[in-house]
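I opened this notebook to record what I looked up in the structure, one topic at a time. Each entry keeps to what the atoms themselves give.

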Amino acid sequence: MAEVLYRRKRRHTTDSMLESALRYARLGWPVVRGAAPGEDRACTCDRMGCPDPAAHPVTMAWGVEASTDTDTIRRWWTASPHANVILPTGRVFDVFDVPREAGVMALARMGRAGVPAGPVAAVESTRYLFFVATRSPVDEDEWWSCHLDCVPESVEETPGLRWHCRDSFVLGAPSVLPSGDRVTWIRAPYDEGGSVPLPDPIAVLDILSDASEEFAGDGR
């Protein structure tokens, strides 16, 4: 009986990954397969001491391979049913990645100010991801290419804020972390009426920058 329940739970996880990837594709969001937690180690990739376990694409060619094609997506997740879902940024949307406490503070302020927050996801209990309309590559002088190992969190004006745009990516729900926790939507990018509009990045950035600075100033 326990084995049957385990298989059912595992199948539910498989369907959730595939169906989520397909739903993102229906929104026009390209997706690509990501690594996942391993059975006996933190990541299924072949790198010893992976610096970002279960939170990166399975291939270096992810930027070229990312797709919204349903046949391609079904083939990928049929071959790797437990692969996490990777969402490339700087194409349809950019993502502001902040500490959870700063994200909670910013959401409250957006609500009071009437500023649309758009889709927001939580990564474990530590980070909030704010999805905003991308300005790449239209405003190339103002937007820059952002790599995961070169983020603006060291900039004094925006402590703790990571900015994912061109050449970057984030984990999409319901991806699983080595801790066993999942990426979850606080504000999903879809509702009964279809897709949720992506907000203006500058309006969101202003509030997130203030919240991140205040959070860092509190010494937390």
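The entries below go from the whole chain to its cores, its ring pairs, one helix and a few backbone details.

**Entry 1: the chain as a whole**

I note at the outset that this is a predicted model. I counted the secondary structure of the protein chain first, and it comes to five helices and 10 strands. The chain has 220 residues, of which 45% count as buried. I then looked at contacts between residues at least 6 apart in sequence, and found that 74% of them join residues at least 24 apart.

**Entry 2: the nonpolar cores**

My reason for looking up the cores is a general one: in soluble globular proteins, nonpolar side chains tend to be buried together. The largest nonpolar core here has 33 residues, and those with the most contacts inside it are Tyr-24, Val-31, Ile-73, Trp-77, Val-85, Leu-87 and Phe-131. I traced where its residues come from: at least two are supplied by each of α1, α3 (70-79), β2 (84-88), β3 (93-99), β4 (120-123), β5, β7 (169-172) and β8 (183-187). Which element gives the most to this core? It is α1, with six residues.

I took Val-31 as one of the residues to follow outward, setting aside residues up to four places away in sequence, and its list of touching residues includes Ala-21 and Tyr-24, then Ile-73, Trp-76 and Trp-77, and also Val-85, Ile-86, Leu-87 and Pro-88. There is also a second, separate core of 21 residues, which includes Ala-102, Tyr-128, Trp-163 and Leu-205.

**Entry 3: aromatic rings**

I searched the whole structure for aromatic pairs and recorded 10. One of them joins Trp-29 and Phe-131, which are stacked, with 5.5 Å centre to centre and 5° between the planes. I checked where the two rings sit: Trp-29 lies in the loop between α1 (2-26) and β1 (32-34), whereas Phe-131 lies in strand β5 (residues 127-133), so the pair ties together parts that are 102 residues apart in sequence. Trp-29 is buried, with a relative accessible area of 4%, and Phe-131 is buried too, with a relative accessible area of 1%.

Next I looked at Trp-76 and Trp-77, whose ring centres are 6.3 Å apart and whose planes stand at 65°; the pair is therefore edge-to-face. Both Trp-76 and Trp-77 are buried. Following the ring pairs further, I found that they link Tyr-24, Trp-29, Phe-93, Phe-131 and Trp-185 into a cluster. A charged side chain also came up in this search, since Arg-23 lies over the face of Tyr-190, at 4.4 Å from the ring centre.

**Entry 4: helix α4**

I tested the length of α4 (residues 100-113) against a rise of 1.5 Å a residue: its 14 residues should span 20 Å, and the end C-alpha atoms are 20 Å apart, which agrees. I listed the buried residues of α4 as Ala-102, Gly-103, Met-105, Ala-106 and Met-110. Seen down the helix axis, the buried residues of α4 fall within an arc of 165°, so they line one face of the helix. The general background is that an α-helix has 3.6 residues a turn, so residues three or four places apart point the same way. The face of α4 turned away from its buried side carries the exposed residues Gly-111 and Arg-112. Just after α4, Gly-114 takes a positive phi of about 75°.

**Entry 5: His-56 and its surroundings**

Is His-56 buried or exposed? At 14% relative accessibility, His-56 counts as buried, and its place is in the loop between β1 and α2 (62-65). Leaving aside neighbours within four places in sequence, I found His-56 in contact with Gly-34, Ala-35, Cys-43, Cys-45, Cys-50, Ile-86 and Phe-169. His-56 and Ala-36 are 20 residues apart in sequence, and their C-alpha atoms are 8.6 Å apart in space.

**Entry 6: backbone details**

I went through the backbone because most residues other than glycine have a negative phi, and most peptide bonds are trans. Ala-54 has a positive phi, near 60°; Ala-54 is found in the loop between β1 and α2 and counts as buried, at 0% relative accessibility. Glu-124 likewise has a positive phi, near 55°, in the loop between β4 and β5, and counts as partly exposed at 30% relative accessibility. Finally, I noted a cis peptide bond between Ala-173 and Pro-174, with omega about 10°, and Pro-174 is found in the loop between β7 and β8.

Conventions
Residues numbered from 1 in each chain as written. Predicted model: local features only at pLDDT ≥ 70, side-chain atom pairs only at ≥ 80, totals over all residues. Heavy atoms only, no water. Helix = DSSP H or I, 4+ residues; strand = E, 2+ residues; numbered from the N terminus. Expected span 1.5 Å × (residues − 1). Buried < 20%, exposed > 50% of the residue type's maximum accessible area, 1.4 Å probe, protein only. Arc of directions from axis to C-beta. Phe/Tyr/Trp six-rings, centres within 6.5 Å; stacked < 30°, edge-to-face > 60°. Lys NZ or Arg CZ within 6 Å of the ring centre and 35° of its normal. Core = buried A, V, L, I, M, F, W, Y, C linked by side-chain atoms within 4.5 Å. Contact = heavy atoms within 4.5 Å.
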